[in-house]
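Thanks for coming, everyone. I'll walk you through one structure this morning. Please have a look at it on the screen.

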Amino acid sequence: MPSNQMGESYLQTLKSLSDRIVEAQKPIRILDAIKWSPSIRQQFFESGFKKAPQVDIEYYQKNCPLGFDPAAKKAEFYEIEREISKKLGQMNPVTQIMRRVCREYQMVVRMLEARGTPEFSYISQELYGSPSDAFHAGDPTLAELGEMMEMTLANLLKDSSMQESEKNLPAQYVVDELNSRLSSFFIGAGIRVMISDGIAADAAAGTDYIKIRNDALFNQQDVDVLEVHEGWVHLGTTLNGGSQPYCTFLSKGPPSATITQEGLAVLSEILTLRSGPTRLFKLINRVRAVTLAEDGATFNDVFHYLCEKGISEDESFTLAARVFRGSTPNLGPFAKDITYIKGFVLTYNFLRLAFARGKIDRLPMLFCGKIVLDDLASLHDLEEQGVITAPRYVPPFFQDLKGLAAWMSFSRFIGQLNFNQLEADYKHLL
């Protein structure tokens, strides 16, 4: 029913509880709580890549304070969840979404309490998934899908034309370029792109800003990818979620939303022709590194494996550190890095099905906030009821869907063809 028939009291209660989720999650900063200091890298390099990083429970407790009391934070989310059920009704779709968000944040707190122990990895795999997961019985696992793609990309990267250009653009150039591009897309949003020396990644999106690491170097393709990935998707969904009149919790992304977010961002890179084999090879290597760690490889094992694949020592350390952050050099992985490929597969298949069934009216809702793909039908209903609003900031190729529709239609058609037979048919040409 329309929101004006629900009653203003109900909607204000919904907003109040949504705001409480937003407020409660503020001190929870997963990546800050598990990051490794630059000294870890320095010591590893000085040892000739032999001595395992000195990271354990005490390291995290000393160097990465949580900034909140875990027991009190779990109790806070439990109380919010109870209030949601009591005041909004258990069978309400928005109730079910909000309760799941509360439970996920409780799991995140449990995960961060377990830093430096095997439980940290177990909980991260429960939240983000595992490379050994398959989408259906009999399907290839994520790890196996990664191996298939790795073979294709490795063949492509043998051709010099597939290599990326030199990274010689300084951070300030990227800041100026992205500020120019994104200010014309996010009109009136007051977004900022700024220099930062406190982030591990080359770039990271926040509430209304993107940070660029001060000492990082980029090429033009990196700038194009950042515009789409960090700008259009991550920053756009944050702003759209924050502008929701009642469901403000959509501006924040628990782990289940991360899967959709990263998948949508990678898919957007590819659909806009911003990505390339080197970029995708990096994402596949993340899956491979998590797989190795899950199978018992140590930090040193993963680092040397990546070096043997022709990846630079700096990049190999960065990739291996991403996998073992929050854990220790000889325990299981932090599973977040599989979300890029896992989310891509899920989002891509959803788009194919949506176009095949003519359900294109639901596609812009992918950008209404930090959503979970499984919630899309409920979010569509909530939009019709006036509980949530359509996204204001939608990437250009989603604003006019005709081109994407043609692309997806042929993708589904070609996907029915037998690739092994195609190889036989065209072998004489290649």
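A definition before we start. Buried means under 20% relative accessible area, exposed means over 50%, and partly exposed is in between. Keep in mind, too, that this is a predicted model.

Let's use that scale straight away. Take S37. Its relative accessible area is 24%, so S37 is partly exposed. You'll find S37 in the loop between α3, residues 30-34, and α4. Compare its position with V109. The two are 72 residues apart in sequence. In space, S37 and V109 are 22 Å apart, C-alpha to C-alpha.

Now the rings. How many aromatic pairs are there? The count comes to 23. One of them is F44 with F49. The centres of F44 and F49 are 5.9 Å apart, and the planes make an angle of 55 degrees, a tilted pair. Are these two buried or exposed? F44 has a relative accessibility of 1%, so F44 is buried. F49 comes out at 17%, so F49 is buried as well.

Here's another pair: F299 and F317. This one is edge-to-face, with 70 degrees between the planes and 5.5 Å from centre to centre. Where do the two partners sit? F299 is in helix α14, residues 299-308, and F317 is in helix α15, residues 313-324. So the pair ties together parts that are 18 residues apart in sequence. F299 has a relative accessible area of 0%, so F299 is buried. F317 is at 7%, and that makes F317 buried too.

Step back from single pairs. Ring pairs link W36, F44, F45, F49, F299, F303, F317 and F324 into a cluster. So both pairs I showed you belong to that cluster.

Charges and rings next. R41 has its charged end over the ring of F45, 4.0 Å from the ring centre. R286 lies over the face of Y340, and there the distance to the ring centre is 4.9 Å.

On to the helices. Two packed helices are described by the angle between their axes and the distance between the axes. For helix α4, residues 38-46, and α15, the angle is about 130 degrees. Their axes are 12 Å apart. α4 and α15 are therefore oblique to each other. Their crossing is right-handed.

Now the strands. Strand β1, residues 192-196, runs parallel to strand β3, residues 209-213, and 5 bridges join them. Look for S196: it stands opposite R213 in β3. Strand β2, residues 203-205, also pairs with β3, in the antiparallel sense, over 3 bridges. Which residue in β3 is the bridge partner of A204? That is K211. β2 and β3 form a hairpin, with 3 residues between them.

Last topic: backbone angles. F49 comes back here. Its phi is near 65 degrees, a positive value in a residue other than glycine. F49 is in the loop between α4 and α5, residues 57-63. L273 has a positive phi too, near 60 degrees, and again the residue is not glycine. L273 belongs to the loop between α12, residues 255-271, and α13, residues 277-294. Buried or exposed? L273 has a relative accessibility of 74%, so L273 is exposed. F49, remember, is buried.

That's the tour. Over to you for questions.

Conventions: Residues numbered from 1 in each chain as written. Predicted model: local features only at pLDDT ≥ 70, side-chain atom pairs only at ≥ 80, totals over all residues. Heavy atoms only, no water. Phe/Tyr/Trp six-rings, centres within 6.5 Å; stacked < 30°, edge-to-face > 60°. Buried < 20%, exposed > 50% of the residue type's maximum accessible area, 1.4 Å probe, protein only. Helix = DSSP H or I, 4+ residues; strand = E, 2+ residues; numbered from the N terminus. Lys NZ or Arg CZ within 6 Å of the ring centre and 35° of its normal. Pairing = 2+ DSSP bridges. Axes fitted to C-alpha atoms, helices over the stretch in contact; angles between N-to-C directions. Parallel < 35°, antiparallel > 145°, perpendicular 65-115°, else oblique. Left-handed = near helix turned anticlockwise from the far one by under 90°.
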